[in-house]
Amino acid sequence: MHMKVGFIGLGNMGQPMAANILGAGHTLTIYDTRRQTGRDLEAAGAAWAENAKAVAVRSEVVFTSLPGTGAVEQVATGANGVFSGLAGGSTYVDTSTIAPSAMRRIFAAGTDQGLHVLEAPVSGGIHGAQDAALTLFVGGNAEDLERVRPVLESIGSKIVHVGPAGSGNAIKLINNLMMFVNFIGACEGVAMSARAGIDLRLFLDAIKSSMGQSRIFERTLSLFLDSGRMGANTDLAVKDLRLGIELGSELGVPLEVGPLVRDLVVRFRDAGDRGQDEFTDMIPDLLRRSGVDM
Ligand code: NAD
């Protein structure tokens, strides 16, 4: 079933997700505060709209992929936002990673207005987005998910209904906290291997089938060795870590490692204004600081 879809936020993740929705045959209307982000999609058949409301007026379902909580609240519920343009019975799906409490507010505001609201934060990075192989952690009503499942299937290969609004972002933040903890361990392991004179490709291969393995280790070391890019900047990493730690304290879980990992990532970001650089550059940074000649 083809739908009239809107997509707002055409950055590293939004751009390939929108392209896959268009590629699946849906009609697509797009918007981003940076005009140039729409050019390739327009060439492929999407229509540009002048703001979020104008996207919503033309759509049965609107997606957002935005930097964080503030932007999502503004674009969903603010002046000239999605909710001011969507007709009753239409659906709003936010794929960004935001505070679960904010998602619950947005859900309440939307349902009060007769809209269907879902959160679907994604995991899999830009490569997952390009390959339509994302995992979607969906929070909201299960029947609303069914209504837009064909569109979700054009961007993700695993769609998990987690529970009510907020639970999708909760699992996403927990996933990311675990990922960053594993990532710092991977950085230290890579630096130690290099210092021990172990070839890093051999190290990657050996650890892949050992208990020190993690997906983030495998992905980031492979990309580093092949000069590939991850497409996730350090500002977003800090945002996710902060939200994850806030969630831990809301839930009354005494986190020990998470705050330490957050401090390391913040220190890396602040040490050279690296907010827009990739957090995976912490691997070469630690190699340099370990005296590894590269
Ligand atoms: P990005 O910064 O590349 O893209 C965000 C886009 O939103 C930009 O194009 C920006 O111009 C646009 N934007 C900002 N404010 C806007 C507004 N008010 N109205 C319209 N457009 C606006 O970020 P990204 O890497 O694509 O990530 C998007 C979301 O997905 C974030 O919440 C991030 O945490 C999450 N996420 C990212 C990754 C990743 O690997 N990059 C993976 C999973 C989830």
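Between which two helices is the loop that holds Asp 273? Asp 273 sits in the loop between H12 and H13. The close-ups below start with the whole chain and return to this loop at the end.

**View 1. The whole predicted model has 13 helices and nine strands.** This is a predicted model, in which local features need pLDDT of at least 70, side-chain atom pairs count only at pLDDT 80 or more, and totals for chains, interfaces and linings use all residues. Residues are numbered from 1 along each chain as its sequence is written, and side-chain values use heavy atoms, with hydrogens and water left out. Helices (H or I, at least four residues) and strands (E, at least two) are DSSP runs, numbered from the N terminus. The C-alpha trace spans about 60 × 45 × 35 Å along its principal axes. The radius of gyration is 20 Å, which agrees with the value near 19 Å for a compact globule of 294 residues. That radius is taken over C-alpha atoms, and the globule rule is 2.2 Å times the number of residues to the power 0.38. Buried residues make up 53% of the 294 residues. Buried means under 20% relative accessible area, exposed over 50%, partly exposed in between (1.4 Å probe, protein chains only). Among contacts with a separation of 6 or more, 63% join residues 24 or more positions apart. A contact means heavy atoms within 4.5 Å. The accessible surface comes to about 13,100 Å², and 52% of it belongs to carbon and sulfur atoms. Accessible areas come from the Shrake-Rupley method with a 1.4 Å probe; for residues, only the protein chains shown count as cover.

**View 2. Helix H10 (residues 215-225) has its buried residues on the same side.** The buried residues of H10 are Ile 216, Phe 217, Thr 220, Leu 221 and Leu 223. They cover an arc of only 160° around the axis, so they fall on the same side of H10. The arc is that of the directions from the helix axis to the C-beta atoms. Their cover includes helix H6 (125-130), helix H8 (167-195), helix H9 (200-208) and H13. Ser 227 follows H10 and has a positive phi, near 55°.

**View 3. Asp 285 and Arg 289 form a salt bridge within helix H13 (residues 282-289).** A salt bridge is a side-chain nitrogen of Lys or Arg within 4 Å of a carboxyl oxygen of Asp or Glu. By this rule the count comes to 15 salt bridges. For Asp 285 and Arg 289 the N to O distance is 3.2 Å. The two residues are four apart, about one turn of the helix. An α-helix has 3.6 residues a turn, so residues three or four places apart point the same way. Asp 285 is buried, at 11% relative accessibility, whereas Arg 289 is exposed, at 55%.

**View 4. Other salt bridges include two pairs and a network.** Asp 32 pairs with Arg 34, with the closest N and O atoms 4.0 Å apart. Asp 32 is buried, at 9% relative accessible area. Arg 34 is partly exposed, at 42%. Lys 239 pairs with Asp 240, with the closest N and O atoms 3.1 Å apart. Both Lys 239 and Asp 240 are buried. Glu 146, Arg 149 and Glu 153 are linked in a network of salt bridges.

**View 5. Leu 251, Val 253 and Leu 255 make a nonpolar surface patch.** The patch covers about 250 Å². Patches are made of residues with over 30% relative accessible area and no salt bridge: like charges are joined within 9 Å, nonpolar side chains (Val, Leu, Ile, Met, Phe, Trp, Tyr) within 5 Å. Leu 251 lies in the loop between helix H11 (234-250) and helix H12 (257-270). Leu 251 is exposed, at 56% relative accessibility.

**View 6. Ser 65 is a buried loop residue.** Its loop runs between strand E4 (61-64) and helix H4 (69-77). Its relative accessible area is 15%. Beyond four places in sequence, Ser 65 contacts Phe 7, Ile 8, Gly 9, Met 13, Gly 14, Met 17, Thr 95 and Ser 96.

**View 7. Arg 269 is buried in helix H12.** Its relative accessible area is 17%. Not counting residues up to four places away in sequence, Arg 269 touches Thr 234, Asp 235, Val 238, Arg 242, Arg 274 and Gly 275.

**View 8. Asn 80 and Asp 273 have positive phi values.** Phi of Asn 80 is near 55°. Asn 80 lies in the loop between H4 and strand E5 (91-94) and is partly exposed, at 44% relative accessibility. Phi of Asp 273 is also near 55°. Asp 273, in the loop between H12 and H13, is exposed, with a relative accessible area of 71%.
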